[in-house]
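Here is a short briefing to read with the model open beside you. Take a moment to turn the structure around before going through the points.

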Amino acid sequence: MKKIALILLAAAGAMIAKKKMDEGKSEQALWAEATDTVHKS
């Protein structure tokens, strides 16, 4: 029973970490677009 709980806890932690990483990547992409010095016309 403890092993299953640990596995579920680890899986939940991995999902949260992945979500945070994905949010960071999208935030970085927004900043890159906002601060891009090349203007397209």
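The notes below go from the whole chain to its helix and then to a few residues.

Please keep in mind that this is a predicted model. The protein chain has one helix and zero strands, and buried residues make up 0% of its 41 residues. A single salt bridge is present in the structure.

**The chain as a whole**

- Along its principal axes, the C-alpha trace of the protein chain spans about 60 × 10 × 5 Å.
- The protein chain exposes about 4,300 Å², and 69% of that area is supplied by carbon and sulfur atoms.
- The protein chain carries 7 positive and 5 negative charges, and the mean positions of these two sets are 17 Å apart.

**Helix α1**

- Helix α1 covers residues 2-34, which gives it 33 residues.
- From its first C-alpha to its last, α1 reaches 48 Å, close to the 48 Å expected at 1.5 Å a residue.
- Cover over α1 is scarce: the count of buried residues among its 33 residues is zero.

**The salt bridge in α1**

- The partners are D22 and K18, whose side chains meet at 3.0 Å, taken from N to O.
- Both D22 and K18 lie in helix α1, and they are four residues apart, about one turn of the helix.
- D22 has a relative accessible area of 37%, so D22 counts as partly exposed, between the 20% and 50% cut-offs.

**Other residues to find in α1**

- E23 also has its place in helix α1. Its relative accessibility is 42%, and E23 therefore counts as partly exposed.
- Between E23 and L8 there are 23 Å in space, C-alpha to C-alpha, for a separation of 15 residues in sequence.
- L9 is another residue found in helix α1. Is L9 buried or exposed? L9 is exposed, because its relative accessible area of 59% is over the 50% cut-off.
- L9 and K19 are ten residues apart in sequence, and their C-alpha atoms are 15 Å apart in space.

**To take away**

- For a quick tour, start with helix α1 at residues 2-34, then look for the salt bridge between the side chains of D22 and K18, and finish with L9, which is exposed.

Note on methods. Residues numbered from 1 in each chain as written. Predicted model: local features only at pLDDT ≥ 70, side-chain atom pairs only at ≥ 80, totals over all residues. Heavy atoms only, no water. Helix = DSSP H or I, 4+ residues; strand = E, 2+ residues; numbered from the N terminus. Buried < 20%, exposed > 50% of the residue type's maximum accessible area, 1.4 Å probe, protein only. Areas by Shrake-Rupley, 256 points an atom, 1.4 Å probe, with all protein chains shown as cover. Lys, Arg positive; Asp, Glu negative; His and termini not counted. Charge placed at Lys NZ, Arg CZ, Asp CG, Glu CD. Salt bridge = Lys/Arg side-chain N within 4 Å of Asp/Glu carboxyl O. Expected span 1.5 Å × (residues − 1).
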